[in-house]
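Here are my notes for you, set out as numbered points. Keep the structure open beside them and look up each residue as you read.

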Amino acid sequence: MQSFDVVIAGGGMVGLALACGLQGSGLRIAIVEEYPPTETFDASDEHALRVSAINAASERLLTHLGVWQNILAMRASPYQGMAVWDQDSFGRIQFNSAENGLTHLGHIIENRVIRQALWQRAESLPDVTIFAPSSLQNVAWGENEAFITLSDNRMLTSRLVIGADGAHSWLRQHADIPLTFWDYEHHALVATIRTDEPHQGVARQVFHGDGILAFLPLSDPYLCSIVWSLPAESAQQLKVMEPELFNRQLGVTFDMCLGQCELVSDRQTIPLMGRYARNFAAHRLALLGDAAHTIHPLAGQGVNLGFMDVAELIGELSRLNKQGKDIGQYLYLGRYERRRKHSAALMLAGMQGFRQLFDGNNPAKKLFRDIGLALADHLPGVKPQLLRHAMGLNDLPDWLAAQPSSVEKI
């Protein structure tokens with residue numbers, strides 16, 4: 001029987017970030033992960049299909065965790081601009097880092113790169129123990145600690161168990177925490193695309209009828225990762241379409257913004273669901289990341305929302321432990337739950353409203369959203385607030401807001 005203060009179920013990006021952030025807090029941490037990384041990253045490898053748009057708030061957290069420079073050394077693509085428009089219309093809004101006195105707005109990074117940097121960091125930390133490959137077999141909730149049985153029959157005790165085990169969280173289900181969920185009735189098609197013209201470090205997104213297409217710039221100036229949100233049937237048709245026909249369809253939908261497009265990878269489709277756990281905390285339990293919430297990828301905020309869960313929980317657990325409080329008592333986890341449920345609810349509601357506004361080609365709705373985009377692009381004071389929100393700077397916990405920013409002014 002091994003005893004810990006915090007046992008984290010899930011060694012993905014969010015779970016690993018929490019473990020790294022609790023190093024030095026006086027807490028003993030364990031990570032339980034069923035699928036540890038099996039391959040080391042090689043810069044000659046093709047780009048992975050799953051990428052994240054890491055905003056300034058998450059960059060600040062990853063810098064604090066001591067992994068940001070390692071991520072940049074592997075592979076990351078800063079973007080200096082964002083452009084969003086409505087197909088066949090005048091509605092458009094653009095953001096530029098230089099206009100706002102910044103070197104960049106964010107980075108597009110492969111998920112495996114972020115995870116590997118965090119895994120390597122966690123492995124090196126004296127306060128962190130990793131059990132992998134392994135998974136939770138059973139958890140019994142005691143008054144003063146949780147009793148955990150792993151899949152290899154090892155036994156652990158912990159004052160607090162963290163659910164960072166993804167959208168289908170075993171831990172959330174085992175704790176009987178209800179889940180509100182809804183089907184967006186869209187699938188996201190992801191692929192890597194080579195374009196005739198360079199992307200120039202601009203992340204682009206076009207709304208078209210019943211779909212949303214994003215081109216995210218990669219480290220090669222002619223490569224982009226696409227996330228194409230479509231009704232399930234349309235996404236499946238595009239997944240199996242002949243590459244030449246797919247390339248033409250893609251270029252036309254994207255208004256030939258970067259010239260001809262060429263598919264250079266496999267195509268994957270991912271069902272899109274919105275999820276919101278009834279509770280983000282319970283007796284000796286806290287949920288974070290996809291175990292607590294999932295949102296539509298149209299604004300690329302999913303992983304950033306999870307990283308801010310991590311930042312909030314790092315601050316709370318460090319504070320509680322310093323004050324000699326019981327970190328596993330629901331009473332003391334209440335502040336984390338309130339703050340993160342509020343942020344997640346606002347993001348979920350915003351994404352749902354945004355998606356409904358841009359769904360379909362109803363002329364009245366189209367005119368309304370085009371006027372809205374045009375006004376947002378030109379009214380004084382609106383764009384800086386939108387940009388600040390996109391960069392995650394309105395969602396920083398106090399301790400992280402006090403950290404030096406790595407988004408440099410120019």
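**Notes on the model**

1. Let's start with one pair of residues: Ala9 has Val32 as its bridge partner in strand E2. E2 covers residues 29-32, and four bridges join it to strand E1, with the two strands running parallel. To get from E1 to E2, the chain passes through helix H1 (residues 13-22), and this β-α-β crossover is right-handed. Bear in mind throughout that you are looking at a predicted model.

2. E1 also pairs with strand E11 (residues 155-163), again in the parallel sense, over seven bridges. If you want one pair to find on screen, take Ser3, whose bridge partner in E11 is Thr157. Is E1 largely enclosed or not? Six of its eight residues (the strand spans 2-9) are buried, so the rest of the structure largely encloses E1.

3. A word on pairing in general, since it comes up again below. Strands of a sheet pair through backbone hydrogen bonds, and the pairing can be parallel or antiparallel.

4. Now for an antiparallel case: E9 and E10 pair that way over five bridges. A hairpin of four residues joins E9 to E10. Ala140 stands opposite Phe147 in E10, so to speak a handy pair to click on.

5. Next, a small sheet to trace by eye. Which order do its strands take? This open sheet of three strands runs E3-E7-E4, with antiparallel pairing. Strand E3 (51-54) and strand E4 (77-79) stand at the edges with a single partner strand each, so one side of each has no neighbour in the sheet. From one strand to the next, the twist averages 25 degrees. E3 and strand E7 (residues 106-110) are held as an antiparallel pair by four bridges, and Ser52 has Ile109 as its bridge partner in E7.

6. Have a look at the nonpolar core, too. The largest one has 109 residues, and within it Ile71, Leu118 and Phe307 touch the most other members. Helix H8 (residues 302-322) gives this core its largest share, ten residues. What does Leu118 touch? Leaving aside residues up to four places away in sequence, its contacts are Met13, Leu16, Ala17, Cys20, Leu62, Leu65 and Val67. There is also a second, separate core of 22 residues, and Ala83, Phe215, Leu230 and Phe246 are among them.

7. Please check one peptide bond in particular. The bond from Ala132 to Pro133 is cis, with omega near -5 degrees. Where is Pro133? Look in the loop between strand E8 (128-131) and strand E9 (136-141).

8. Two backbone angles deserve a look as well. Asn153 has a phi near 75 degrees, a positive value in a residue other than glycine. Asn153 lies in the loop between strand E10 (146-150) and E11, and its relative accessible area of 62% makes Asn153 exposed.

9. The other angle belongs to Met256, which is not a glycine but has a positive phi of about 50 degrees. You'll find Met256 in the loop between helix H7 (243-253) and strand E16 (261-263). Is Met256 exposed or partly exposed? With 37% relative accessibility, Met256 counts as partly exposed, as the cut-off for exposed is over 50%.

Terms used. Residues are numbered from 1 along each chain as its sequence is written. This is a predicted model: local features need pLDDT of at least 70, side-chain atom pairs count only at pLDDT 80 or more; totals for chains, interfaces and linings use all residues. Side-chain values use heavy atoms; hydrogens and water are left out. Buried means under 20% relative accessible area, exposed over 50%, partly exposed in between (1.4 Å probe, protein chains only). Two strands pair if DSSP finds at least two bridges between them. A crossover is right-handed if, with the strands pointing away from the viewer, the path from the first strand over the helix to the second runs clockwise. A nonpolar core is a set of buried Ala, Val, Leu, Ile, Met, Phe, Trp, Tyr and Cys residues joined through side-chain atoms within 4.5 Å. Contact means heavy atoms within 4.5 Å. Axes are lines fitted to C-alpha atoms, for helices over the stretch in contact, and angles run from 0 to 180 degrees between N-to-C directions.
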